[in-house]
Amino acid sequence: FAAPKQPYPSGGVNPIRAVVATAGKYLYVLNAGCGGTSQVACPAGANPNQTGANISLFTVGGQGSLSFQASYFSQGSLPVSIVADAAGKYLYVLDSIVPDPTTCTGYVKSNPASVCGDITAFNIDPNTGRLSLITNQQVKNSAGTNLTYFPIGSGPIEFSIYNSSFIYTIEKGSGSNADPYQAVFVYALADTTGQLTLTQNTPIPSNGRNLTYVYSSPKYVYLLDAGDGTTAGTILPYTSSTNGALQSLVGGAVANTGTTANPVAMLVDHNGNFAYIANKGPNLSPTSPASTVSAFFITPNTGLLQPLTSGTASNGVPFGSGSGPRCILEDPTNQYLYTANYDSSTVTGALLNEQAGTLTNLRKDSSFPTVGQPTWCAASGTLF
């Protein structure tokens, strides 16, 4: 059922990500802003004083109702993603452009266009959900002051926290030795302070062509590679080893399934047995049926991904989603799988078979209209 009094204002413009923390008590929405260089156009009538990027804090109440509490700001510009650690102690924001390019790690001075990005880190107050900035205790600026952010490479795409120990950021990169193309930037995460520390001399090359997503399960780290966008793409599976170095699983890259394209999001079910990938497809028309969810069985002990029959006809065809999925989510009761579909303005649901991993249509209706075009999904308790 729908939460009362929705839709709720996001507390900013152009909401692109959301994350729930502290046992579902708090919701943080990342608003990317509008009207600036590389930003989307502002909606008609937008207040110029409220068009910048920000993080909005909401408390989650009865029946999933939301109450706005405060706004916060990352240190860089053009934020692209937001994550919280599993314990709900820390919040991290991935920014495309660092505040001070001279502090970049792997900055290519001969190519100023490759200015690096950054990660802004916050403590989460467990009683109020309010945020406080975590300063960088390893790096200072030219004035001798600790940075208020953690530099990364250039062209950040997405990031993920692995077992509260490492943060992996996939990047486009500038192509230099210190900032390779399609690489993974690694920070160690201190569970007691939220502090980030470099563990690798340079980002780790993936040999991918067009990385779109990074996902960390308790055992493995997965990268999605869309390739040229016309084929199904590939999944790059790794184990995390000493100092966060990534070791490719036996067999390396795994082909995505079906005739779909553009894999954009991924999850592993709560038992760690199955992997599911949301694919935009080659045609992003609102009426296109090409957007899908592909499914894999995760072989115990080896982590090898094997394509799973997920269609209702047991013919190996990936399960259909709405058009242009942006995210994929398993509900807190572990019974259903959902995608939020930007192009068709819908949420699509499927029954999840916990033993077989197969997906089938919900008993009544599997597609639900949204008020606008959804950009992300998050769950709190048993309410969405």
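The lining of the second largest pocket is a mix of 29 nonpolar, 13 polar and 6 charged residues. Keep in mind that this is a predicted model. Besides that pocket, there's a cavity to look at, plus 3 disulfides.

**The second largest pocket**

- This pocket holds about 1400 Å³ of space.
- Its lining takes in 48 residues, and the ones closest to the centre are Val19, Ala84, Tyr215, Ser216 and Leu329.
- Several strands help build the wall: β1 (15-21), β5 (77-84), β10 (156-162), β15 (211-216), β20 (263-268) and β25 (325-330) each chip in at least two lining residues.

**The cavity**

- If you search the whole structure for cavities of 30 Å³ or more, you find 1.
- The largest cavity has a volume of about 50 Å³.
- Its lining is made of Val293, Phe319, Gly320, Ser321, Leu337, Tyr338, Thr339, Thr348, Gly349, Ala350 and Leu359.
- Two or more of those lining residues come from each of β24 (319-320), β26 (336-341) and β27 (346-352).
- Sorted by class, the cavity lining has 6 nonpolar and 5 polar residues, with no charged ones.

**Disulfide Cys34 to Cys42**

- The sulfur atoms of Cys34 and Cys42 sit 2.1 Å apart, forming a disulfide.
- This link is right-handed, with 95° about the S-S bond.
- Cys34 counts as buried because its relative accessible area is 5%, under the 20% cut-off.
- Cys42 has 31% relative accessibility, so it counts as partly exposed.

**Disulfide Cys104 to Cys116**

- Cys104 and Cys116 are joined by a disulfide, S to S 2.1 Å.
- The link between Cys104 and Cys116 is left-handed, with -90° about the S-S bond.
- Cys104 lies in the loop between β6 (90-97) and β7 (116-124) while Cys116 is in strand β7, so the bond ties together parts that are 12 residues apart in sequence.
- Both Cys104 and Cys116 are buried.

**Disulfide Cys327 to Cys377**

- Cys327 and Cys377 make a disulfide too, with their sulfur atoms 2.1 Å apart.
- This pair connects distant parts of the chain, 50 residues apart: Cys327 is in strand β25, and Cys377 is in the segment after β29 (367-369).
- Cys327 is buried, at 1% relative accessibility.
- Cys377 is buried as well, with a relative accessible area of 18%.

**How the cysteines pair up**

- Number the bonded cysteines in sequence order and the pairing reads 1-2, 3-4, 5-6.

Methods
Residues are numbered from 1 along each chain as its sequence is written. This is a predicted model: local features need pLDDT of at least 70, side-chain atom pairs count only at pLDDT 80 or more; totals for chains, interfaces and linings use all residues. Side-chain values use heavy atoms; hydrogens and water are left out. On a 1 Å grid over the protein atoms alone, a cavity is a set of points where a 1.4 Å probe fits but cannot get out, and a pocket is an open set with protein on both sides within 12 Å along at least five of seven lines; lining residues have an atom within 4 Å of a point. Grid points are joined across faces, edges and corners, and a volume is the space filled by probe spheres set on the points. Helices (H or I, at least four residues) and strands (E, at least two) are DSSP runs, numbered from the N terminus. Ala, Val, Leu, Ile, Met, Phe, Trp, Tyr, Cys and Pro count as nonpolar, Asp, Glu, Lys and Arg as charged, and the others, Gly among them, as polar. A disulfide is a pair of cysteine sulfur atoms within 2.5 Å. Buried means under 20% relative accessible area, exposed over 50%, partly exposed in between (1.4 Å probe, protein chains only).
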